[in-house]
Amino acid sequence: MCQHVICSVLFTTFTEGEMKMRNNDLIKPRHTDGNVGLAALAPCHSRLFFGWLNNPRIFRGMGDFDAYPFGIKDAEKYVLAHLKDTWLIVLKNKRVWTPVGYTGLFVRQRHRIGILRYAIGDSTCENKGIATKAVNLMIQWAFDDLDLISIHASVISSNLGSIRVLEKSGFSQVGRYQKARFESGQHYDEILFELLREGMII
Ligand SMILES: CC(C)(COP(=O)(O)OP(=O)(O)OC[C@H]1O[C@@H](n2cnc3c(N)ncnc32)[C@H](O)[C@@H]1OP(=O)(O)O)[C@@H](O)C(=O)NCCC(=O)NCCS
């Protein structure tokens, strides 16, 4: 079990609603692959996002925010704005599901494409295959339930772990924007990936 999840449950102050969500019997993932699942997001998860969005390790991976820290109100707004397109990544330990990260698919309805993002909330949970399983569940959701034709993702070139997740999940590298991401005083390329639904490849 990832250490931080246990620590954050023990030492963070939660509202009554959040405590209910942390009574993890209540977390029933909608999609699962073994011990990894996707569970519906709810407004009571704002404090989790407050922690995740303010985590420099996660912020580094995000291309769509200019600056942090985020306030609790920003986290609340983020969660409310993404209730329909973002899931909690949950991990099962002894029949209990605990949130360990999030993944979202921002859908462009007119074009039927989705833009993918994902993050694992604590470094002790990394390199256990959790993000790859979550991304594969997102792929099934995107193509089977949302009927999308393509998923896009972009990654800062220094994020080798994330590039590997996309490669393992079948994404193809289709290009790169040069020097498009500024991180820790340096400009990095942004690498562009896509996954086309089977049958769409001409
Ligand atoms: C990127 C991230 C989602 C990966 O999650 P994860 O659960 O550790 O991913 P997985 O365990 O499924 O796969 C990671 C793979 O990357 C590899 N990897 C990790 N760090 C690496 C590095 N520095 N160099 C090369 N490979 C690396 C792992 O070995 C593993 O590959 P393998 O299964 O072939 O051994 C996680 O590190 C994270 O949340 N980072 C911060 C947020 C972020 O960057 N999100 C993505 C934005 S595009």
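Start by selecting helix H3, residues 46-53, in this predicted model. H3 is mostly covered, with seven of its eight residues buried. To display them, pick Ser46, Arg47, Leu48, Phe49, Phe50, Trp52 and Leu53.

**The sheet**

Next, show the strands. Eight of them make an open sheet with mixed pairing, in the order S1-S2-S3-S4-S5-S6-S8-S7. Strand S1 (31-33) and strand S7 (172-183) are at the edges; each has a single partner strand, so one side of each lacks a neighbour in the sheet. From one strand to the next, the twist averages 30 degrees.

Select strand S3, residues 86-93. Six of its eight residues are buried, which makes S3 mostly covered. On one side, S3 pairs with strand S2 (residues 36-40) in the antiparallel sense, over five bridges. Label Ala40 here: Trp87 in S3 stands opposite Ala40. S3 also pairs with strand S4 (residues 96-108), again in the antiparallel sense, this time over eight bridges. One position to label in this pairing is Lys92, whose bridge partner in S4 is Trp97.

Follow the chain from S3 into S4. The two strands form a hairpin with two residues between them. Lys94 lies in that turn and has a positive phi of about 50 degrees.

Continue along S4 to its pairing with strand S5 (113-120). S4 and S5 run antiparallel and are joined by eight bridges. Gly101 has Ile120 as its bridge partner in S5. The hairpin of S4 and S5 has four residues between the strands, and Arg112 takes a positive phi near 55 degrees there.

Now move to the other end of the strand order and select S7 with strand S8 (residues 186-196). Eight bridges join S7 to S8, and the two run antiparallel. Label Tyr177 and its bridge partner in S8, Glu190. Then add helix H7, which packs on the sheet and touches strand S6 (150-156) and S8. The direction of H7 makes about 160 degrees with that of S6.

**The core**

Which residues touch the most other members of the largest nonpolar core? Select Ile89, Ile130, Ala134 and Met138, out of the 45 residues in that core. Helix H6 gives the most to this core, with nine residues. In soluble globular proteins, nonpolar side chains tend to be buried together.

Centre the view on Ala134. Leaving aside neighbours within four places in sequence, Ala134 is in contact with Val36, Leu38, Ile89, Thr103 and Tyr118. Ile89 in this list is also among the core residues that touch the most other members.

**The ligand**

Finally, select the ligand and the 21 residues around it. Gly61, Ala131, Thr132, Leu160 and Gly161 come nearest. The elements giving two or more residues to this shell are helix H4 (56-61), strand S5 (113-120), helix H6 (130-145) and helix H7 (160-168). Which element supplies the largest share of the shell? H7 does, with five residues.

Colour the shell by residue class to end the tour. The shell around the ligand divides into nine nonpolar, seven polar and five charged residues.

Methods:
Residues are numbered from 1 along each chain as its sequence is written. This is a predicted model: local features need pLDDT of at least 70, side-chain atom pairs count only at pLDDT 80 or more; totals for chains, interfaces and linings use all residues. A residue is buried if 20 or more other C-beta atoms lie within 10 Å of its own, exposed if 12 or fewer, and partly exposed in between; C-beta atoms are placed from the backbone. Two strands pair if DSSP finds at least two bridges between them. A residue is near a molecule or strand if its C-beta atom, placed from the backbone, lies within 6 Å of it. Ala, Val, Leu, Ile, Met, Phe, Trp, Tyr, Cys and Pro count as nonpolar, Asp, Glu, Lys and Arg as charged, and the others, Gly among them, as polar. Axes are lines fitted to C-alpha atoms, for helices over the stretch in contact, and angles run from 0 to 180 degrees between N-to-C directions. Two residues are in contact if their C-beta atoms, placed from the backbone, lie within 7 Å. A nonpolar core is a set of buried Ala, Val, Leu, Ile, Met, Phe, Trp, Tyr and Cys residues joined through C-beta atoms within 7 Å.
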